[in-house]
Amino acid sequence: MIVLFFCAVFQHISAQETPVTPEKYTAHNKGKFYIFWGGNREDYTKSDIRFKGKDYDFTLYDVDAHDKPKGFHIDYFNPIRMTIPQTNLRIGYFITDKYNISIGFDHMKYVMYQDKAVDYSGYYPNQGSYGEMLPNGQILLTKDFLKFEHTDGLNYVNTEIARVDDISKLFLIKNTDLLQVNFTEAIGGGFLYPKTNTTLLNKERYDEFHISGYGFSAKAGLNITFLKYFFIQGELKGGYINMNNIRTTQDKADSAEQDFWFLQRILVVGGIFRI
């Protein structure tokens, strides 16, 4: 009995003297919130755009468009003007260590190329009076005939479900509270809420935000978290947009519709924390 007593005491003392390594903050994500903010560049596929109203109904085929980058600018950090550049805002919550749900606002810009020749079908009033008709039967996209932009902007409001995997071991990183590397991928969907800048057949443009359609998207990215709470994240995000109810003029009878694919290149900074 005495021997057993001393063995138990020795084990108790040894257990007390064994240092306990505190669990790293970055070991688990469940219950954490995150927020990020940054900029983007976009590419778009060509699209057919149909314009219709009381006295016209025509379609332009294979219309090409580009984004409207501002480059690195102080507006990204100016609270009054930070929504002007092409930007991304997202807020999310980890429901498990690996999975999170989020809501975000992708502020893209879509600008139709001017002075391009395109095929068309349909009819509209005063045909040929806008410097648009070409001898080969195509239409030249002059500014007098049509200016078509989603520049304030092509606003994609969406929710995502994402998975995050810690791949720090691949880079021989041992202290992830100091530096952590994660791979993330997500799928999402939402609606389009643009303010479309359209000059169509000399009509007065409609200059208000309007729910114009829906979209689906998927993305993959690399996240570098440092000092536990802060991160930089780069993403490639692609998807499909269908805008079947675009307001073009002050007349409610006037509208446009189009669909296309997009690719975003995104760079953001953010924070991750528990409340």
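Select strand 1 and strand 5 to begin: the two run antiparallel and are joined by 7 bridges. Within this pairing, F33 stands opposite Y93 of strand 5. The model on the screen is predicted.

**Stop 1: the other partner of strand 1**

Keep strand 1 selected and add strand 15. These two strands also run antiparallel, with 12 bridges between them. To see one such position, select I35, whose bridge partner in strand 15 is G271.

**Stop 2: salt bridges that start from strand 1**

The whole structure contains 16 salt bridges. Select R41 and D67 for one of them; the closest N and O atoms of this pair are 2.6 Å apart. R41 belongs to strand 1 (residues 33–44), while D67 sits in the loop between strand 4 (65–66) and strand 5 (87–94), so the salt bridge ties together parts that are 26 residues apart in sequence. R41 is partly exposed, at 37% relative accessible area, whereas D67 is buried, at 5%.

Next, select D43 and R265. Their salt bridge brings the closest N and O atoms to 2.5 Å. Here D43 lies in strand 1 and R265 in strand 15 (residues 255–273), so parts 222 residues apart in sequence are tied together. D43 is partly exposed, with a relative accessible area of 41%, and R265 is partly exposed as well, with 35%.

**Stop 3: a buried salt bridge and its network**

Move to K237 and E160, whose side chains meet in a salt bridge of 2.9 Å, N to O. K237 is in strand 14 (residues 230–247) and E160 in strand 10 (residues 146–166), so this pair ties together parts 77 residues apart in sequence. Through salt bridges that share partners, R90, D106, E160, K219, E235 and K237 are joined into one network. Are K237 and E160 buried or exposed? K237 is buried, with a relative accessible area of 1%, and E160 also counts as buried, at 5%.

**Stop 4: the nonpolar cores**

Now select F51, F58, L60, Y124, F145, F148 and L154. These residues have the most contacts inside the largest nonpolar core, which has 31 residues. Two or more residues of this core come from each of strand 2 (47–52), strand 3 (57–63), strand 6 (99–112), strand 10, strand 14 and strand 15. Which strand gives the most to this core? Strand 10 does, with 4 residues. As general background, nonpolar side chains tend to be buried together in soluble globular proteins.

Centre the view on L60. Beyond its neighbours within four places in sequence, L60 is in contact with residues including I49, F51, V118, Y120, L141 and F145. A second, separate core has 8 residues, among them F231, I266, V268 and I272.

**Stop 5: E132 and its surroundings**

Finally, select E132, in the loop between strand 8 (120–123) and strand 9 (139–140). E132 is buried, with a relative accessible area of 0%. Not counting residues up to four places away in sequence, E132 touches Y124, Q127, Q138, I139, L140, T142 and F145.

Which side chain makes a polar contact with the side chain of E132? That of Y124 does, at 2.6 Å. In addition, a polar atom of the E132 side chain lies 3.0 Å from the backbone nitrogen of Y130. To end the tour, select D144 together with E132: the two are 12 residues apart in sequence, and their C-alpha atoms are 8.2 Å apart in space.

Terms used:
Residues numbered from 1 in each chain as written. Predicted model: local features only at pLDDT ≥ 70, side-chain atom pairs only at ≥ 80, totals over all residues. Heavy atoms only, no water. Salt bridge = Lys/Arg side-chain N within 4 Å of Asp/Glu carboxyl O. Buried < 20%, exposed > 50% of the residue type's maximum accessible area, 1.4 Å probe, protein only. Pairing = 2+ DSSP bridges. Core = buried A, V, L, I, M, F, W, Y, C linked by side-chain atoms within 4.5 Å. Contact = heavy atoms within 4.5 Å. Polar contact = N/O pair within 3.5 Å; in protein donor to acceptor, adjacent residues only side chain to side chain.
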